[in-house]
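Trainee: I'm new to this one. Can you walk me through it?
Mentor: Sure, have a look first.

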Amino acid sequence: MTDERYSISQVARCFDVPVSTLRYYDELGLLPAAERRGNVRYYGHAELRRLALIQCLHHRGLVSLADTATLIAESPATNQPSGREVLTTSIEAIRRRIDDLQAAQQLLEHLLTCPRTDPVRECAPLRTELGQAVDHALAALDAPPGHQRPGPRQGGHRRPPASMRRNRNVHHDLEPPPESSMPEFKITP
């Protein structure tokens with residue numbers, strides 16, 4: 001049985017990627033063509049499976065293109081991390097992203113259920129959280145140049161205050177804050 005070949009334009013159309021992306025992958029050594037006829041690259045099933053793997057890993061945002069190259073390399077370079085190291089690092093990054101997204105969801109759910117008329121401007125726990133974020137940011141002014149200050153996890157996102165995480169149906173004091181203590185937010189759609 002012969003391995004059927006598909007032109008670069010056919011592959012691009014079937015996999016919904018620009019032809020330039022396939023050429024770039026070829027230049028990087030990620031996806032060499034099975035053969036060339038004139039100036040046209042042709043791919044067989046083995047190359048299509050490799051492209052599907054690249055899409056699975058890289059296009060879904062699971063790993064960087066460089067890490068994808070490390071994972072699919074037939075003989076990894078000695079100065080590169082191992083495939084297992086790449087996978088471990090990628091899993092940790094995904095866990096951080098999941099934590100950040102869950103924290104964002106909790107904050108939005110809190111704001112949605114907050115009994116205040118305008119929770120973005122009137123929510124006391126949110127004002128407290130924002131005050132802490134501002135204090136943290138301004139602390140950089142006091143730090144010596146090049147000093148790594150402790151702070152939010154990588155990605156810059158912080159979890160919502162405990163008052164928002166514990167039980168979003170239990171709300172803070174409903175007295176409006178004094179006007180002078182309310183931050184002025186400009187929310188644009």
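Trainee: What does the accessible surface of the protein chain come to?
Mentor: About 13000 Å², and carbon and sulfur atoms hold 54% of that. Accessible areas come from the Shrake-Rupley method with a 1.4 Å probe; for residues, only the protein chains shown count as cover.

Trainee: Any ground rules?
Mentor: This is a predicted model: local features need pLDDT of at least 70, side-chain atom pairs count only at pLDDT 80 or more, and totals for chains, interfaces and linings use all residues. Residues are numbered from 1 along each chain as its sequence is written, and side-chain values use heavy atoms, leaving out hydrogens and water.

Trainee: What is the mean pLDDT of the protein chain?
Mentor: 78, with 75% of residues at 70 or more. pLDDT is the predictor's confidence in each residue, from 0 to 100.

Trainee: Where is confidence lowest, and where highest?
Mentor: Helix H8 (residues 162-166) is lowest, at a mean of 47, and helix H1 (residues 8-15) is highest, at 95. Over residues 160-189 the pLDDT is below 50, though this stretch has 47 contacts in the model beyond near neighbours in sequence. Contact means heavy atoms within 4.5 Å. Where pLDDT is low, don't read the predicted coordinates in detail.

Trainee: How many helices and strands are there?
Mentor: Eight helices and three strands. From the N terminus, the order is β-α-α-β-β-α-α-α-α-α-α. Helices (H or I, at least four residues) and strands (E, at least two) are DSSP runs, numbered from the N terminus.

Trainee: What about the largest nonpolar core?
Mentor: That core has 17 residues, and Leu22, Tyr25, Leu31 and Tyr43 have the most contacts inside it. Helix H3 (45-59) is among the elements giving two or more residues. H3 gives the most, with four. A nonpolar core is a set of buried Ala, Val, Leu, Ile, Met, Phe, Trp, Tyr and Cys residues joined through side-chain atoms within 4.5 Å.

Trainee: Which residues does Leu22 touch?
Mentor: Leaving aside residues up to four places away in sequence, Leu22 touches Ile8, Val11, Ala12, Val17, Leu31, Tyr43 and Leu51.

Trainee: New topic. Is Thr70 buried or exposed?
Mentor: Buried, because its relative accessibility is 11%. Buried means under 20% relative accessible area, exposed over 50%, partly exposed in between (1.4 Å probe, protein chains only). Thr70 sits in helix H4 (residues 65-72).

Trainee: And Val134?
Mentor: Val134 counts as partly exposed, because its relative accessibility is 45%. Val134 lies in helix H7 (residues 124-138).
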